[in-house]
Structure formats: structure tokens, C-alpha cells
Amino acid sequence: MSAQPRSRGLAALVGSLFLVDLGAAMCTIALPLLLVQDYGFSVAVGLTLALQVVPSVLFGPIAGSMIDRFEPRRLAVVSAVGSAVLVAVIPFADALWQLQVLGVAVGIATMIEGPVRLVLRSSVIEEGDELRGNGLIVTAERVPSVLGPLLVALAFALGEVRVVFLAAALLGLLAGALMYAVPGPAAQPDAAADRDAAAEGDPARPTGWRALAREAYVDNTRSLLRTIGKDRFMRGLTLTAFTYVCAVSVGRFALIQLGAVEFHDVPGFYGYLAGAMALGGVVGGLLAGRLTRFRNGSLYVAGNVLEAVAWIAVAATGSTVLALLMMCAAGVLESIATTVFFAEAQTRVPEEVAGYYYAALIPLTEAFGFAGAGLGATVAAWSGSAAAVCAAALIAVPVLLTARWYRIPAGAAL
């Protein structure tokens, strides 16, 4: 494929990701506001919010089998359009149970979105340009976390919270349309058809939905284990991805507690801290593509360790200015490390199993996020500073323990 179609495809994928994530960021802020406005604070309201991620945790592994069976771009379009239609219905729901059903439905519609868009990266990023290309994608994913809350705040100030969901639905439709400009991945052997044919000839092997379930929960896990078993670099990236997501959840509660206690003289300081990290994330995504003179492994270790230092500094300083600067630095470093992760994964994970790998990875990271939320709430109830140190330890210690694994060139350990 020539460079020009790849460039257009990368622009389309980046644009589609930006639109999807902007809509998601808007809904993430607007839905709690709508629920509290209409139903107040209650366990049922919390359950309504939590139900959105349940499909990804329980059924996310099925995404790998679907990517194996269907054209990834079509799946991305169906996911974007389907979730857009469901989101557009939210403002018209007049009962909490209806919002809960819609939350589950949106979760089902979007659970394939993450893996399929990760798989499509290889079709739009040139070999050798993985760091720059993934840096652009990470930037497109970070900008909405800054812009989305601002748009919702404006809508809330105007008393038009429900309009946010209609706007998010429109963004989803536009994102789906952009996916038609993304070239599909290179043709691969029809592994799904081969397995189905083998299953039909072997009465002992399951077929139909049983075969799909086996692929989703057994084959996906095996693919992930084989991928990280053959390559210590990928093993380190995968394992530290789990602990990092856990750390993010712990850190969120640390910032809430620090904002309420240590920096109580600035109302809503948690929002400023979260915004500073999001802004740093945008800068880090743009910066990552320019760091090609450094080895990716060194960038990954340094980015994580320095981010951990920034978290500790936030807990140690009593200055609001320094705290904001440290969170901005943490965002920069997080985006650089994330870009390295995706660049190396694109190089090291075989394309024919990439869908399975990501379909197993994402639900597991969601589960670690749940665990981190419980840990963060427990530790932050005792001390916000302790929660920040806990987050820093979850970021740095696993990376330092596996630091030697990040010296292996791509292909050397396969």
C-alpha cells in the first residue's frame, strides 16, 4: 500500500477516534449529572453507571472471535452507529430501569470498539513509523478528555444537559462514516473458517455458539499467553498494563481526597488536577513521536518511573501550583509510555492474533480497574497522600522489576 492512502487512512482513523472519544467523554460527565439531577444520590444510580462496563468485562473476549470472522472496518462502523442510536435515546428515558437497560446496551455496542480500532492501526501506520503514528492516535484520545468536560459544563450552565447526548450521538455517526476511509488490514488466512470446518469433521469439538464461546474465552486467553510467553518485552508491557490501570483507579481517589483535604481552600480542585493531567496527556501524545532517538524500552521505563515520582510529589507538596505542574508532568509521561506500549504491540503481536490479544487484554484491564477502585477508596479514606504513594508504587515497582525485559529488539525473542 502506498504512503498516501496510508496517510489518508491514518487521518481518518485519528479523526474517527477523536469523535468517538469526544462523545464518550461528554457522556461520561453528562450521565452522572443527569442521573443525580433526576434521581438524586443512591445505590441504584451508582449501579446504573457501573452497568455500562459490565458487558466489556463479561463478554469482551468475544470481540476477538468477531474480528476473526468479520471485516474490522464494518465492525467499527456498526459499533459507532449502534452506540450512537442508543445514546440518542437516553434523554427520552423517563425511568431509571430504562437508563440501566440502555447502559448495558451501549456497553454491548461499544465493547468491540477498542480491540477493532487497535487492530486497524497496522493498516494505516507505516513500518518503522509506529511511534509517531501511535503518538497521533494517543493525542486524539487525550484531547477529548480536556474538551469534553468543558462542553458539558457549558451545556449544564445553559440548562441543556440532555442536548449533550444528542450531540454525542451525532459525533458517533460521523465517526462511523469516517471509518469507510480507513483501509482494512492485510488479508489473512480465514482461521475462523478453518476452525469451523475442523469442528464439523470432529464430533468432539463444539460448533456454533459453543465454538464461539470456546474461541472467546479459551482461545483468546491462550493467544494472550502465547504472545507474552514468546516475547519478554510484550510480557512486561502486558503485566504492567494491568497494574497501571489499577494505579489509575487508586490515583483518582487520591486526587479526590487531596483536593478535598490538602487543597480544600480551592473549591473543586480535584477537577483542576484531573484537567492538568489530561492537558499533559495531549502534550505527551504530540511529544512521543519526536523521541525516536531513544530506545522504546528506555522510554517506557523512564516514563513510568518519572510519573510515579510526580504522583509522590503531588502528595508531598502543599502548593497548588506545584501540584498542578506535577499532574501535568504525570500526564505527559503517561502518554509517552502509552504510545510506546501501542507502538511495540503493533510491531510484536502477529496480525493474525492481534484481535484475540486485545480482546483478552481489555476486559482484564477493566477488571484491574475495578480492583483499583476498591483499593483506592479504602486507602484514600485513611489518607489521600497514602493513596497517591500507593498509585506511584503500582506504576513504578512492576516496571522496575521487569526492567531487563525491555531491552529485547522486536523479533529477537519470537
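**Figure 1. Who touches Tyr358 in this predicted model.** Set aside the neighbours within four places in sequence, and Tyr358 is in contact with Pro115, Leu118, Val119, Ala345, Gln346 and Pro363. Tyr358 also belongs to the largest nonpolar core, a set of 50 residues, where Tyr357 and Tyr358 have the most contacts inside the core. Which elements give two or more residues to this core? They are H1 (3–39), H5 (72–89), H7 (113–119), H8 (130–157), H12 (232–260), H14 (296–316), H15 (320–348) and H16 (351–382). H15 supplies the largest share, eight residues. Another core of 29 residues lies apart from this one, and its members include Tyr244, Leu273, Ala315 and Ala380.

**Figure 2. Ser16 in helix H1.** Is Ser16 buried or exposed? Its relative accessibility is 0%, so Ser16 counts as buried. A polar atom of the Ser16 side chain sits 2.9 Å from the backbone oxygen of Ala175. Ala175 also turns up in the contact list for Ser16, along with Arg117, Leu178 and Met179, once neighbours within four places in sequence are left out.

**Figure 3. Asn296 in helix H14 and its contacts.** With a relative accessible area of 17%, Asn296 falls under the 20% cut-off, so this residue counts as buried. Beyond neighbours within four places in sequence, Asn296 is in contact with Leu131, Phe233, Val340, Ala343 and Glu344. Which of these side chains makes a polar contact with the side chain of Asn296? That would be Glu344, at 2.8 Å. Have a look at Phe341 too: 45 residues separate it from Asn296 along the chain, and the two C-alpha atoms are 8.7 Å apart.

**Figure 4. The start of helix H12.** Here a side-chain oxygen of Asp231 comes within 2.9 Å of the backbone nitrogen of Phe233. Phe233 is also one of the residues in contact with Asn296. As for the helix itself, H12 has 29 residues, which at 1.5 Å a residue should span 42 Å. The end C-alpha atoms of H12 are 42 Å apart, so the model agrees with that expectation.

**Figure 5. Helix H15 and its cap.** Ser319 caps the N-terminal end of H15, with a side-chain oxygen 3.3 Å from the backbone nitrogen of Val321. From first C-alpha to last, the 29 residues of H15 reach 42 Å, close to the 42 Å expected at 1.5 Å a residue. This is also the helix that gives eight residues to the core of Figure 1.

**Figure 6. Helix H10 and helix H17, the two ends of the confidence range.** Where is confidence lowest, and where is it highest? Helix H10 (residues 191–201) has the lowest mean, 47, while helix H17 (residues 384–401) has the highest, 94. Over residues 187–206 the pLDDT is below 50, and this stretch has 21 contacts in the model beyond near neighbours in sequence. For the protein chain, the mean pLDDT is 80, with 82% of residues at 70 or more.

**Figure 7. The chain behind the close-ups, with 17 helices and zero strands.** Of the 414 residues in the protein chain, 50% are buried. Take the contacts between residues at least 6 apart in sequence: 86% of them join residues at least 24 apart. The accessible surface comes to about 18700 Å², and carbon and sulfur atoms account for 68% of it.

Technical notes:
Residues numbered from 1 in each chain as written. Heavy atoms only, no water. Core = buried A, V, L, I, M, F, W, Y, C linked by side-chain atoms within 4.5 Å. Buried < 20%, exposed > 50% of the residue type's maximum accessible area, 1.4 Å probe, protein only. Helix = DSSP H or I, 4+ residues; strand = E, 2+ residues; numbered from the N terminus. Contact = heavy atoms within 4.5 Å. Expected span 1.5 Å × (residues − 1). Polar contact = N/O pair within 3.5 Å; in protein donor to acceptor, adjacent residues only side chain to side chain. pLDDT = per-residue confidence, 0-100. Areas by Shrake-Rupley, 256 points an atom, 1.4 Å probe, with all protein chains shown as cover.
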